[in-house]
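Dear colleague,

I am passing the model below on to you, and my notes on it follow directly after.

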Number of protein chains: 2
Amino acid sequence: MSESNEAAHSPADRADRVLRRLRAQGERITTCRRVIVELLASTDDHLTVEDIAVRVQAVHPEIHLSTVYRTLESLEDWGVVEHVHRGHAPPIHHLADAHPHLVCESCGRVSDIPVEALDDLTELLRDRFGFELHATHFALMGTCARH
Amino acid sequence: MSESNEAAHSPADRADRVLRRLRAQGERITTCRRVIVELLASTDDHLTVEDIAVRVQAVHPEIHLSTVYRTLESLEDWGVVEHVHRGHAPPIHHLADAHPHLVCESCGRVSDIPVEALDDLTELLRDRFGFELHATHFALMGTCARH
DNA sequence: GATGAATTGCGAACCGTTTGCATTTGCGAC
DNA sequence: GTCGCAAATGCAAACGGTTCGCAATTCATC
């Protein structure tokens, strides 16, 4: 999962690019923001707020859970982070790159799928119901092949 | 929306049928259960727990919110009621008749759509990702034509 | 390095939901 | 009809995840 076959953009690169962009926007780069951006850039996992807090506090125990919430909120406002709802399970967060998710209700596994997989449905809902689907903010729930 | 062109099954009929089935199953028909089934049978609206509690308590003020929760849980266990998740908004409940929902993130409007509308997507997810979509327990979020 | 505004740590509040427990209720047996 | 008992209820307290208010700290600029 985390072997980088895209050597061009290492996790550190991705984090740096995001942080530089934020600074250019005039936002302040605090410890919590830097650590969370680096954390999310370093993994393909989909993390809950608690997952994130635990990892952040492993290195910076002084960072409070409420700061993690506020930081994630800011990062979302700036388009850096997105979160995905999973029904009863707590939402998960990842670096922004809008794509839909499949979440297995049995094992909790999260799969990223290409946005084109929903093109037909998007069009159908638009044509038949005048409804513009937001496919990336909410996971598609179901059961995965392992069940 | 609520003109009944299915005069054959009035709301009262539907409620009665459900209640009779439950009694036949050996479940006890309490005030709260009866009132909630009648309420849900009488409307096409999609109600939150609080909506339901307010309406129930308008007639039976002694019925406690926690009883509403427990009643809805039982009714779901028995396949009478279903609930649908809507991301940040609280879940909504309706009499069981599995169909997908479109929920507008701007105005909150909930639309029922026929299950066939998702047939192609269901098949695609099954074939390409080995994923069995549960389309009715989670709403499709987006924006409706009015926005 | 001083300054001012943004951010943080902390605790308390919050909201929707669940739980434990003593009391009441539905309903089958008599 | 009423008795008995498990099941369901009312109530209050706990809960988990999230938000808020505020004083203390920190970042970035000068």
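Which residues come nearest to DNA strand D? Of the 23 residues around the strand, these are Ile29(A), Ser66(A), Thr30(B), Cys32(B) and Thr67(B), where a residue is near a strand if its C-beta atom, placed from the backbone, lies within 6 Å of it. Please bear in mind that this is a predicted model, in which local features need pLDDT of at least 70 and side-chain atom pairs count only at pLDDT 80 or more, while totals for chains, interfaces and linings use all residues. Residues are numbered from 1 along each chain as its sequence is written, and chains are lettered from A and ligands numbered from 1 in the order in which they are written.

The largest share of the surface near DNA strand D, four residues, is supplied by helix 4 of chain B. By class, that surface divides into eight nonpolar, eight polar and seven charged residues (Ala, Val, Leu, Ile, Met, Phe, Trp, Tyr, Cys and Pro count as nonpolar, Asp, Glu, Lys and Arg as charged, and the others, Gly among them, as polar).

Turning to chain A, Val80(A) lies in the loop between helix 4 (65–77) and strand 1 (81–86), helices being DSSP runs of H or I with at least four residues and strands runs of E with at least two, numbered from the N terminus. Val80(A) counts as buried because 21 C-beta neighbours lie inside 10 Å (buried: 20 or more other C-beta atoms within 10 Å, with C-beta atoms placed from the backbone). Val80(A) and Cys104(A) are 24 residues apart in sequence and, C-alpha to C-alpha, 26 Å apart in space.

With best regards

Conventions:
A residue is buried if 20 or more other C-beta atoms lie within 10 Å of its own, exposed if 12 or fewer, and partly exposed in between; C-beta atoms are placed from the backbone.
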